[in-house]
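Here is a short briefing to read alongside the sequence and the fold. It takes up the sheet, the helix on it and the two largest pockets in turn.

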Amino acid sequence: MNQMKKPVLTLTGIDRHYGQGESVLSILKGANFTLNAGETVALVAPSGTGKSTLLHLAGLLEHPDAGEVKVGGLECNGLSDERRTAIRRESVGFVYQFHHLLPEFSAIENIMMPQLIAGLGMAEARERASQLLDYMRIGHRASHRPAELSGGEQQRVAIARAVANAPLVLLADEPTGNLDPETASYVFAALEALVRQSGLSALIATHNHDLARRMDRCVTLADGKVIAYDPGAA
Ligand code: ADP
Ligand code: MG
């Protein structure tokens, strides 16, 4: 099989609902989605339609009510929480709308953390974190804590942290949603360059059609399913 066509993430027949009895809210209803190796996909859909739900399921942060989630070809639903956590740490990078960096640690320490958890030595982790900071053009901010960084800088650190362990899949939930348009464009470009340069596979939720168009393809959520989406002309 062509390497680029190898699926790294497969969601099959996914159901997800919240609530019980009369007040059940069905968010995903038999949703299918495949992300192939090296592919970048934008998830563009209105607020409340289930983008975060889909990303959390894909990132093994939640369980579906029905259906299969495969990461790197491995079916993850039946696995223990420990196994799911291990797979998440090894194979998934997550970027949130709000950076979620550890406030008491510096930028470089935040990027070293997942590598140290994965068992890398201090020197190796620092070297890799330093390269990522330079790549994101915030090398001069290495020793600053999150509160001392601008919103765009915080998100660049969060992106660097998410890719520090070279994950199989990068999931980003409106990673530039909190930034002004100019900063959003700059941060997204840095994210895109990093993803392309490292051949990462990425699923990125965004409301921004200009940014969505830069991905290999776009999908949206309609009636609880994932369908192809055309973000329109530039
Ligand atoms: P999006 O990210 O597209 O804005 P979400 O996936 O966050 O959408 O949410 C989809 C819908 O599910 C929303 O109506 C939201 O209120 C609801 N929802 C999300 N999480 C929960 C939860 N834990 N309990 C109940 N309802 C939830
Ligand atoms: Mg959301």
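Helices and strands are DSSP runs, numbered from the N terminus, with at least four residues for a helix (H or I) and at least two for a strand (E). With that in hand, please note that this is a predicted model. In it, four strands make up an open sheet, and helix H1 packs on that sheet. The largest pocket has a volume of about 530 Å³, and the second largest has about 160 Å³.

**The sheet**
- The strand order is E2-E1-E4-E5, with antiparallel pairing.
- Strands E2 (25-36) and E5 (74-75) are at the edges with a single partner strand each, so one side of each has no neighbour in the sheet.
- Nine bridges join E1 (residues 7-18) to E2 in the antiparallel sense.
- Tyr18 has Leu25 in E2 as its bridge partner.

**Helix H1 on the sheet**
- Helix H1 (residues 51-58) touches E1, E2 and strand E4 (66-71), and its direction makes about 125° with that of E1.
- Six of the eight residues of H1 are buried, so the helix is mostly covered, buried being under 20% relative accessible area.
- The buried residues of H1 are Lys51, Thr53, Leu54, Leu55, Leu57 and Ala58.
- After H1 comes Leu60, which has a positive phi, near 60°.

**The largest pocket**
- Its lining is made of 19 residues, and Arg88, Arg89, Val92, Phe94 and Pro114 lie nearest the centre.
- Helix H2 (81-91), strand E6 (92-95), helix H3 (107-117) and helix H5 (151-163) each contribute at least two residues to the lining of the largest pocket.
- H3 gives the largest share of that lining, with four residues.
- Sorted by class, the lining of the largest pocket holds eleven nonpolar, five polar and three charged residues.

**The second largest pocket**
- The second largest pocket is lined by Arg128, Gln131, Leu132, Tyr135, Val163, Ala166, Pro167, Leu194, Gln197, Ser198 and Leu200.
- Two or more residues of this lining come from each of helix H4 (122-135) and helix H6 (181-198).
- H4 provides the largest share of the lining of the second largest pocket, at four residues.
- Seven nonpolar, three polar and one charged residue make up the lining of the second largest pocket.

Notes. Residues are numbered from 1 along each chain as its sequence is written. Chains are lettered from A and ligands numbered from 1 in the order in which they are written. This is a predicted model: local features need pLDDT of at least 70, side-chain atom pairs count only at pLDDT 80 or more; totals for chains, interfaces and linings use all residues. Side-chain values use heavy atoms; hydrogens and water are left out. Two strands pair if DSSP finds at least two bridges between them. Contact means heavy atoms within 4.5 Å. Axes are lines fitted to C-alpha atoms, for helices over the stretch in contact, and angles run from 0 to 180 degrees between N-to-C directions. On a 1 Å grid over the protein atoms alone, a cavity is a set of points where a 1.4 Å probe fits but cannot get out, and a pocket is an open set with protein on both sides within 12 Å along at least five of seven lines; lining residues have an atom within 4 Å of a point. Grid points are joined across faces, edges and corners, and a volume is the space filled by probe spheres set on the points. Ala, Val, Leu, Ile, Met, Phe, Trp, Tyr, Cys and Pro count as nonpolar, Asp, Glu, Lys and Arg as charged, and the others, Gly among them, as polar. Buried means under 20% relative accessible area, exposed over 50%, partly exposed in between (1.4 Å probe, protein chains only).
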